[in-house]
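Please find below a note on the model under review. The sequence and the coordinates are shown first, and the numbered points come after them.

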Amino acid sequence: MEGSSHEASLLVMIFFMSLLVIFVIKYLFLKIVDEIKPHSSKALVPLPPGPSPWPILGCIPEMLRNRPTYKWIHTLMKELDTDIACIRLGTSTHVISVTSPEIAREFLKKHDNVFASRPLTGATRLITHGYIETVLAPWGDHWKKMRRVLVSNVLNHSTLTWLLPKRTEEADNLFHFVYNHSSAKGEGEVVNVRIVAQQCRATILRRRREDGGPGREEEEHVEAVFVMLSHIYAFSVLDYLPLLRWLDLDGHQRIVRKAIKVVNKLHDPIIKDKIREWRKGEPSISRKTSNDLLDVLISLKDSDGTPLLSEDEIRAQIMELFLAAIDNSYNAVEWALSEMLNQPEMLKKATKEIDRVVGNKTTLLQESNIPQLLYLIACIREALRLHPVAPFNVPHVSTSDCIVAGYFIPKGSNVLLSRLGLGRNPVVWDQPLRFNPDRHLHEKQRDLSEIDLRFISFTAGRRGCIGGELGTNMTVMLLGRLLQGFTWTIPEGMESIDLNTEESSMFKAKPLYANAKPRLNHSLYFSSALLPPGPSPWPILGCIPEMLRNRPTYKWINTLMKELDTDIACIRLGTSTHVISVTSPEIAREFLKKHDKVFASRPLTGVTHLISHDYITTVIAPCGGHWKKMRRVLVSNILNSSTVAWLLEKRTQEANNLVRFVYNHSSAKGGGVVNIRTGGQPYAVGIMRKMFFSKRYFGKGRDDGGPGKEEEEHVKALFALLSYSFAFSVSDYLPWLRWLDLDGHQRIVCKAMKVINKLHDPIINERIREWREGEPSISRRTPNDLLDVLISLKDSDESPLLSRDEIRAQIMELFLA
């Protein structure tokens, strides 16, 4: 066993020694070739200052000893007192770091054509599906093709205008989400601003859960995107020693693959389904025109009318757009709000500006207001300057030798413009470490672009960000809506917000937690684009599991609303039924007065289908022609004032009978205990029997005025129907299971209806026979009760207006009502 272990170790040693020999031979060969080549005038120009490299490895050993790499590079430049440095990594890669705006402009403006490519790395190759997208792709025809797609079809002004409602919807959802995590009535609650900002940016490109916040998949999605972002150009050893790339020594490729797998799991089903709809059959009506950017990419055609983009190109470009959209804005907003909380006068000034521009506290900030928000824009520009999302910009690769700032830049060099060094350059910025938005006000800048590269927002040149307009709008709207909608304060027990950065990145070390108190009219937090607050639903089942665990349902709903501190709640039951519960008179009036026409129908349930004889009644019937007919019958013939007055004597008789019944159950002289329910229920139902059937009893009555056996059965059956009319039956929210009658509601209702029909039908059938199937008796020539009224109604052709089933159903419904 020991021998085999020794042999394995020996083989590994021989393998690595062989690699080292190969590197040495390659290095010496390149040196010899370089020596015998004729030297051009450029070769006589020195490289920028930098540390002396080791043979073969370059400065990789120093890089590995001084993590994070960005701090080592900036410390090195400070020690060398230079604005441009050259660090060789591996055998031939020269990393050029720049902290001077003048030199940066020389790279990206004067020599833009030379530095328009990108480096090839293990992580970017995976993320870009082999460089078939735009931002990370090297210079070439494919990059030009994909850039044309973005410029002409995705990030142009007309497309951004078309997608404005979707961005506004997500800005409204931001209000909804933060409101749900703050106190609507008290002194505010602590909110995780990082989660709010990250998820807001991500959901503009996708969708959200119904309470406005991220679900489990959304959290996984954002986490995976940030993993990829953190490993793009992460100074992986293998990118500078490509012969060892297959070993994945630092594990970057393994981590990136895992993150890509998560993103693909979420993206691919949607992308594949839409491609199938567009390309593999007649598209549905919704697919004949584009509804979103995915539709736009799929629908593009080349000159031959064939799809312009392959499925892999679409997948890669969408992934890249997510990467480009999420990080910069969320980071700027988190840092800006952190700095402003430590200087509250800035918060007041920015909020006051928003209120002045928007006009009042009953209108929400819109993208059209952005050009007037000069101070808010200045705050975000200052956050981008002082707290960049990454220490360096995306690298540029030189496609030929070049001289910049008097230094020789070899072909293949990786040029890194230092976001950190540019934004904190003391030659450019007075007190560079101080957060001071006022320094930007004299520029009167109406967006976040910085064309002079004094700090980096969207860079410049051929590889400059083409999404500057979208980036500005999304970032300013994010911070603007947070400030407009909420009063922000430092949480109790904290003196100030911690402004330290993470050890290995430029992100804030600790997520920003701040106290948020709503400051606008309550209704603004629940715009038409949002669902009211409520619990997170399960796939397919919605909140049915919670409903079943928390019987009775009405108590669960009211407890839930109290916990959410809301007067309106949304609970999804099943796949698509949203149950909206309201406890506010103002909101109730909005439903039934302002929007009465919209909310005039009824739900279709298994129980109401039975009770209403398939919805041929009034109260529980859905809105439609039949409902209008039956409502006219009630309004004109049953419940109008003349009919009600006509039936006064019958109601008075029942009131007198109630007095007699109670008297008989009490002591005429000394009093006694009486069951009010036993007296009240028969009284209400007795009035209806008297008005409809002109009788108090179905069978033989009782001498004391109380209900007989049939009347007790009648009342019990009616209350059974009432208790199950809209009783939150599982089968109503999972209709394909209705035939199983899982909770037994339909069985109970059928049994109750059988009792009622047994008592009603003989009377109704006899009366219809008297009125319609022969010469009516003298007593039937004029109605004596409401049953006679219903039977006697005629249409314009003098035919009976109501069928037997309509009469039966309407009488049963009126008893229930």
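The points below move from the overall fold to the cores, two helices, the salt bridges and a surface patch.

1. Overall composition. The model is a predicted one. Its secondary structure amounts to 32 helices and 11 strands. Of the 817 residues in the protein, 51% are buried. The exposed surface comes to about 39700 Å², and carbon and sulfur atoms supply 57% of that area. Among contacts with a separation of 6 or more, 70% join residues 24 or more positions apart.

2. The largest nonpolar core. This core holds 96 residues, and those touching the most other members are V178, I314, L337, M340, L483 and W488. Helix α15 (residues 311-342) gives the most to the core, with 15 residues. Once neighbours within four places in sequence are set aside, L483 is in contact with L337, M340, L347, A350, T351, I354, L376, W488 and R519. Another core lies apart from it and has 42 residues, including M688, F698, L718 and I768.

3. Helix α17. This helix covers residues 374-386, and its 13 residues should span 18 Å at 1.5 Å a residue; the end C-alpha atoms are 18 Å apart, so the model agrees with the expected length. Of its 13 residues, 12 are buried. Charged residues are included in that set: R381, E382 and R385 are buried, as are L376 and L384. The partners in packing are α15, α16 (344-358), α18 (419-423) and α19 (468-485), against which the buried residues of α17 are placed.

4. Helix α28. For the 16 residues of this helix (residues 709-724), the same rise of 1.5 Å a residue gives an expected span of 22 Å, and the end C-alpha atoms are 23 Å apart, which agrees. Its buried residues are E711, H714, V715, A717, L718, A720 and L721. L718 is also one of the members of the 42-residue core.

5. Salt bridges at helix α15. The whole structure contains 31 salt bridges. In one of them, E313 pairs with K145, with the closest N and O atoms 3.0 Å apart. E313 belongs to helix α15 and K145 to helix α6 (residues 141-154), so that the pair links parts of the chain 168 residues apart. Both E313 and K145 are buried. A further salt bridge joins D268 and R315, at 3.0 Å from N to O. Here D268 lies in helix α12 (residues 252-279) and R315 in helix α15, 47 residues apart. D268 counts as buried because its relative accessibility is 13%, under the 20% limit. R315 counts as buried at 14%.

6. Salt bridge between α32 and α30. R808 and D761 meet through their side chains at 2.9 Å, N to O. The pair connects helix α32 (residues 804-816), which holds R808, with helix α30 (residues 745-772), which holds D761, across 47 residues. R808 has a relative accessibility of 11% and therefore counts as buried; D761, at 13%, is likewise buried. Elsewhere, R381, E443, E450 and R454 are joined into one network by salt bridges that share partners.

7. Nonpolar surface patch. Which residues form a nonpolar patch on the surface? They are W538, I540, L541 and W736, with about 450 Å² of accessible area together. L541 is placed in the loop between β9 (513-518) and α20 (544-549). Its relative accessible area is 37%, so L541 is classed as partly exposed, a class that lies between the limits of 20% and 50%.

Notes:
Residues are numbered from 1 along each chain as its sequence is written. This is a predicted model: local features need pLDDT of at least 70, side-chain atom pairs count only at pLDDT 80 or more; totals for chains, interfaces and linings use all residues. Side-chain values use heavy atoms; hydrogens and water are left out. Helices (H or I, at least four residues) and strands (E, at least two) are DSSP runs, numbered from the N terminus. The expected span of a helix is 1.5 Å times one less than its number of residues. Buried means under 20% relative accessible area, exposed over 50%, partly exposed in between (1.4 Å probe, protein chains only). Patches are made of residues with over 30% relative accessible area and no salt bridge: like charges are joined within 9 Å, nonpolar side chains (Val, Leu, Ile, Met, Phe, Trp, Tyr) within 5 Å. Accessible areas come from the Shrake-Rupley method with a 1.4 Å probe; for residues, only the protein chains shown count as cover. A salt bridge is a side-chain nitrogen of Lys or Arg within 4 Å of a carboxyl oxygen of Asp or Glu. A nonpolar core is a set of buried Ala, Val, Leu, Ile, Met, Phe, Trp, Tyr and Cys residues joined through side-chain atoms within 4.5 Å. Contact means heavy atoms within 4.5 Å.
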